[in-house]
Amino acid sequence: MAGRDAARSVVSGMRLGLGTGSTVAHFLEHLGARLARGELTGVVGVPTSVRTEKAARELGVALATLEGLGALDLTVDGADEVDPGLDLVKGLGGALLREKMVAQASDRMLVVVDDSKLVGRLGEIAPLPVEVVPFGHASHMGWLRDLGAEPTVRAGGNGHPYLTDNGNLIVDCRFAGGIEDPVGLERQLARRAGVVESGLFLNLATEAVVAGKGGVRRMRRGSSP
């Protein structure tokens with residue numbers, strides 16, 4: 001339901017950022033259906049992962065690169081947590097770096113979630129993914145603990161560490177009781193050499209489509225949830 005509602009926000013000629021994850025997959029299905037019916041024309045998207053690129057091509061969504069399109073009209077993406085101010089934790093799908101680059105290039109960001117992702121404080125439920133380069137990655141673990149996290153290098157298949165589409169590792173950081181100061185934490189992570197990006201998406205989402213037992217509702221930044 002939320003994916004279908006989000007697809008209604010797309011109009012002909014839009015330059016879209018296409019997020020990654022299970023909720024975005026539903027959005028892509030409805031977007032592809034609208035394109036196939038001729039309801040939309042001239043829509044082109046920038047995928048944030050190899051998985052999204054493959055799905056979009058199969059559904060007939062025209063694709064381009066971020067450098068080729070420049071500014072985007074709208075990014076549609078999922079989230080692992082959404083707080084009352086529409087700040088997000090993202091990255092459990094492993095695409096946080098490309099997702100943030102695309103979101104920052106967009107005029108608007110629409111988040112598609114179910115109501116289980118709504119939290120009072122970021123970090124209450126989901127770990128915070130932190131993407132790091134493989135070189136010297138273990139040197140970050142003690143530093144992250146000093147920031148109040150319990151860090152774990154994300155595992156992939158066959159006992160090997162998970163690698164992002166960019167060839168980096170992800171350290172999942174759990175914070176007991178949630179993240180007290182997301183802005184300050186983001187600032188510290190950004191200053192750390194070897195840390196590529198974090199899953200803190202602050203002041204990026206402009207609207208959320210939230211699905212629950214009562215149906216679908218919208219939350220907008222700056223208004224009551």
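**Close-up views: Lys90 and the sheet**

**View 1. Lys90 is tucked away from the surface: at 3% relative accessibility, Lys90 counts as buried (buried means under 20% relative accessible area, exposed over 50%, partly exposed in between, with a 1.4 Å probe and protein chains only).** This is a predicted model, where local features need pLDDT of at least 70 and side-chain atom pairs count only at pLDDT 80 or more, while totals for chains, interfaces and linings use all residues. Residues are numbered from 1 along each chain as its sequence is written, and side-chain values use heavy atoms, leaving out hydrogens and water.

**View 2. Here's the company Lys90 keeps.** Lys90 sits in the loop between β6 (88-89) and α5 (96-104); helices (H or I, at least four residues) and strands (E, at least two) are DSSP runs, numbered from the N terminus. Beyond its neighbours within four places in sequence, Lys90 is in contact (heavy atoms within 4.5 Å) with residues including Asp77, Glu99, Met109 and Phe201. A polar atom of the Lys90 side chain lies 2.8 Å from the backbone oxygen of Gly78.

**View 3. Now for the open sheet.** Its 7 strands run in the order β3-β2-β1-β4-β7-β13-β14, with mixed pairing; two strands pair if DSSP finds at least two bridges between them. β3 (62-63) and β14 (215-220) are at the edges with a single partner strand each, so one side of each has no neighbour in the sheet.

**View 4. Zoom in on β1 and β4.** β1 (residues 15-18) pairs with β4 (residues 72-77) in the parallel sense over 3 bridges. Gly17 stands opposite Thr75 in β4.

Conventions
Polar contact = N/O pair within 3.5 Å; in protein donor to acceptor, adjacent residues only side chain to side chain.
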